[in-house]
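Here are some notes to help a newcomer find their way around. Please keep the structure open while you read.

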Amino acid sequence: MPAQIIDGNALAKKIRLEIAAKTAILTAKGVKPGLAVLLVGEDPASQVYVRNKVKACEDVGMYSILERHPADLSEKALLARINELNHDKNIHGILVQLPLPKHIDSHRVIEAIAPEKDVDGFHVANAGALMIGAPLFRPCTPYGCMKMLESIDYPIRGARAVVIGASNIVGKPMAMLLLQAGATVTICNSKTKDLTAHTKEADILVVATGKPKMITASMVKSGAVVIDVGINRLPDGKLCGDVDFDEVKYVASAITPVPGGVGPMTITMLLLNTLEAAERVKA
Ligand code: NDP
């Protein structure tokens, strides 16, 4: 029997309705949650991402600004603008779309964002807070994956979880969230020997490598829950994940599709983080 499909679009829609209701309440109390999205340069994929983020804010009734800066904007000018936004009372979340042009040090830029407005959760203070189990913001993609596990009532406590991919924005924070939820976690990277020996052990398998369809049915334990973070564009223009969905769905008990899985959840968690940032101001 094929696996249960964890529908990211449907779950995102449900959570966005809740966010919209809370946004309306907070706005009525005089605090309208606000997000500033900064884009430097003209990367086509980034253009789409930032538009979607700002539109999602508008749809739930939040205030948002989208600033498009030229590719030759100096690092100094970008840091100065972030500093202004750090002090802007109408802005509760600041997001700088990555990647940045090569002449700008992304690390320095992220560190310039006030941690209490760092809704991506990438600031070193927020990464550290997550590490010690007291997160101010959970990075959006792993947070969305946790909500998907919650949505199927998966008993994470005591489960064997394997995360493939160890980036600062997905793999590492994902592993931390699973660990804090009581899973026994293995993190794999491109140097991992005998990857299948690890993946076959996983009750929960999260894949975030950027390698199209690299996880095949023979690598997955029967009945596992498979969360596919990857977004890859195939030569024919279609999108696919890091998991071979068509075959793994016959081995897994639940699986996320691409598109329509983790992607819509990521933006939704950005909205949730912005709402939480604004609620803290009110508190
Ligand atoms: P990175 O390129 O930063 O990290 C990839 C990670 O995967 C690295 O840790 C790398 O190992 C590991 N890896 C690569 N190849 C293999 C392999 N063959 N076996 C085991 N591990 C491997 O990518 P991101 O974390 O930023 O993104 C991962 C994927 O998720 C991409 O497809 C991206 O588009 C997608 N993504 C989707 C989002 C969403 O909203 N759905 C949001 C963010 C990302 P090493 O450390 O050794 O290099």
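The points below go through the domains, the two sheets and the ligand shell.

1. A word on the basis. This is a predicted model, in which local features need pLDDT of at least 70, side-chain atom pairs count only at pLDDT 80 or more, and totals for chains, interfaces and linings use all residues. Residues are numbered from 1 along each chain as its sequence is written.

2. Domains. The protein chain is assigned domain 1 (30–116) and domain 2 (140–263), with bounds that come from an automatic or database domain assignment. Taken over C-alpha atoms, their centres are 29 Å apart.

3. The sheet of 3 strands. This open sheet runs in the order β3-β2-β4 with parallel pairing; strands are DSSP runs of E, at least two residues, and helices are runs of H or I, at least four residues, numbered from the N terminus. Two strands pair if DSSP finds at least two bridges between them. β3 and β4 (93–96) are the edge strands with a single partner each, so one side of each has no neighbour in the sheet. From one strand to the next, the twist averages 15°.

4. Pairs within that sheet. Strand β2 (residues 34–40) joins strand β3 (residues 63–69) through 7 parallel bridges, and Val37 has Leu66 as its bridge partner in β3. Between these strands the chain passes through helix α2 (residues 44–59) in a right-handed β-α-β crossover, meaning that the path from the first strand over the helix to the second runs clockwise with the strands pointing away from the viewer. On the other pairing, β2 and β4 share 4 parallel bridges, with Leu38 opposite Val96. Helix α2 packs on the sheet, touching β2, β3 and β4, at about 170° to the direction of β2 (contact: C-beta atoms, placed from the backbone, within 7 Å; axes fitted to C-alpha atoms, for helices over the stretch in contact, with angles from 0 to 180 degrees between N-to-C directions).

5. The sheet of 6 strands. Here the order is β1-β11-β8-β7-β5-β6, again open and parallel. β1 (4–5) and β6 (184–188) stand at the edges, so each has one side without a neighbour in the sheet. β1 pairs with β11 (residues 254–255) over 2 bridges, and Gln4 is partnered by Ala254.

6. The ligand. Which residues are closest to the ligand? Among the 26 that surround it, they are Ser167, Asn189, Ser190, Gly210 and Thr266 (near: C-beta atom, placed from the backbone, within 6 Å). Helix α10 (residues 262–282) gives the largest share, 3 residues.

Key:
Contact = placed C-beta atoms within 7 Å.
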